[in-house]
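Work through the two exercises below with the sequence and the model open. Each task is followed by a stepwise solution.

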Amino acid sequence: MMCDIVYVILHFLTIKDTVEAVDSIIKKSGNENYRIVIVDNGSGNGTGEKLSEMYKESERIKVLLSDSNLGFARGNNIGIKFAVNEYNPKFVVAMNNDIIMQQDNFYELIIEEYENSHFAVLGPKVITADGREDSSPVRNASIEKHSIMKTCKMERFLYIVDYLHLFWVLQLLNWFVKKVKKNGKKGETDPYFLERHENVVLHGCFLIFGKDYFSVYDGLDESTFLYHEEEILYLKTSRRGLKLVYNPKLMIYHKEDSASGAMIPNSRNMRMFKLKHCMNSNRELIRIEKEMS
């Protein structure tokens with residue numbers, strides 16, 4: 001069986017978000033030849049089973065259950081590999097479950113971009129809950145050895161500060177710096193994010209993979225559990241001569257951190273969780289940068 005596009009939704013804990021994401025795809029697919037693959041990434045709260053029951057009669061929606069939380073890349077790869085093997089699609093979208101589709105002509109815009117660039121990976125403009133439009137491309141991303149090492153040291157420093165319950169000092173300093181600088185006008189979007197760009201680091205919440213990508217890789221790099229997947233994807237894609245494209249004509253709404261916030265509601269615990277996995281991922285990023293050089 002072959003279809004045009006498969007949407008892979010990585011579900012974890014928050015079923016309301018996942019259902020809203022599915023509904024938005026159904027309403028805004030812009031193409032009737034699509035499929036949706038939901039991967040329950042070891043939620044453990046029964047929501048995966050509920051989704052499986054909810055969509056068991058649907059010909060378009062498939063729910064896959066993982067016994068444990070495999071992290072971002074491996075969790076997505078369950079759905080990506082299933083999508084490629086089962087449906088042989090032209091495009092595979094890997095998306096967070098807290099994404100809302102907004103455009104009726106979304107698929108049409110993907111086709112337009114592919115005919116223009118033959119992209120391996122395509123990313124849309126990401127509009128966040130607070131109205132920002134500067135999440136993607138990821139500017140100042142650490143993709144060179146020296147910048148990766150610098151980021152690693154900073155994350156280690158922040159982890160120690162938070163471990164010592166001194167994060168409030170950094171928050172105070174940050175507030176003071178913003179107060180003094182008074183940078184930019186609120187509500188304005190940097191023109192950079194309104195322009196199309198090639199070979200940039202794309203936000204991992206919504207990635208559109210073309211056949212060019214699958215001619216080289218069968219999914220995402222699985223060496224990390226969470227965080228810095230975008231930089232790894234950039235290194236492994238661009239240095240193999242494959243093209244990453246950001247096109248602001250494509251737009252999605254991202255609620256941000258819905259699943260991780262549900263899993264670790266305490267703000268300090270959330271920061272510690274993120275920093276721990278960021279440091280682990282950075283070590284893998286350093287290794288991959290060296291291998292791809």
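**Exercise 1.** Find the bridge partner of G123 in β9, then describe the pairing and burial of that strand.

Solution.
Step 1. G123 has Y246 as its bridge partner in β9. Strands here are DSSP runs of E with at least two residues, helices are runs of H or I with at least four, and both are numbered from the N terminus. The model is predicted, so local features need pLDDT of at least 70 and side-chain atom pairs 80 or more, while totals for chains, interfaces and linings use all residues. Residues are numbered from 1 along each chain as its sequence is written, and side-chain values use heavy atoms, without hydrogens and water.
Step 2. Strand β6 (residues 121-128) runs parallel to β9 over eight bridges; pairing requires at least two DSSP bridges between two strands.
Step 3. Y246 in β9 also stands opposite H197. Strand β7 (residues 197-198) pairs with β9 in the antiparallel sense over two bridges.
Step 4. Strand β5 (residues 99-101) is antiparallel to β9 over three bridges, and I99 is bridged to H254.
Step 5. Eight of the 11 residues of β9 (residues 244-254) are buried (under 20% relative accessible area, 1.4 Å probe, protein chains only), so the strand is largely enclosed by the rest of the structure.

**Exercise 2.** Which residues in α1 meet which residues in α2?

Solution.
Step 1. I15, T18 and V19 in α1 meet T47, K50, L51 and M54 in α2, where contact means heavy atoms within 4.5 Å.
Step 2. The contact residues comprise four nonpolar, two polar and one charged.

Key: Ala, Val, Leu, Ile, Met, Phe, Trp, Tyr, Cys and Pro count as nonpolar, Asp, Glu, Lys and Arg as charged, and the others, Gly among them, as polar. Buried means under 20% relative accessible area, exposed over 50%, partly exposed in between (1.4 Å probe, protein chains only).
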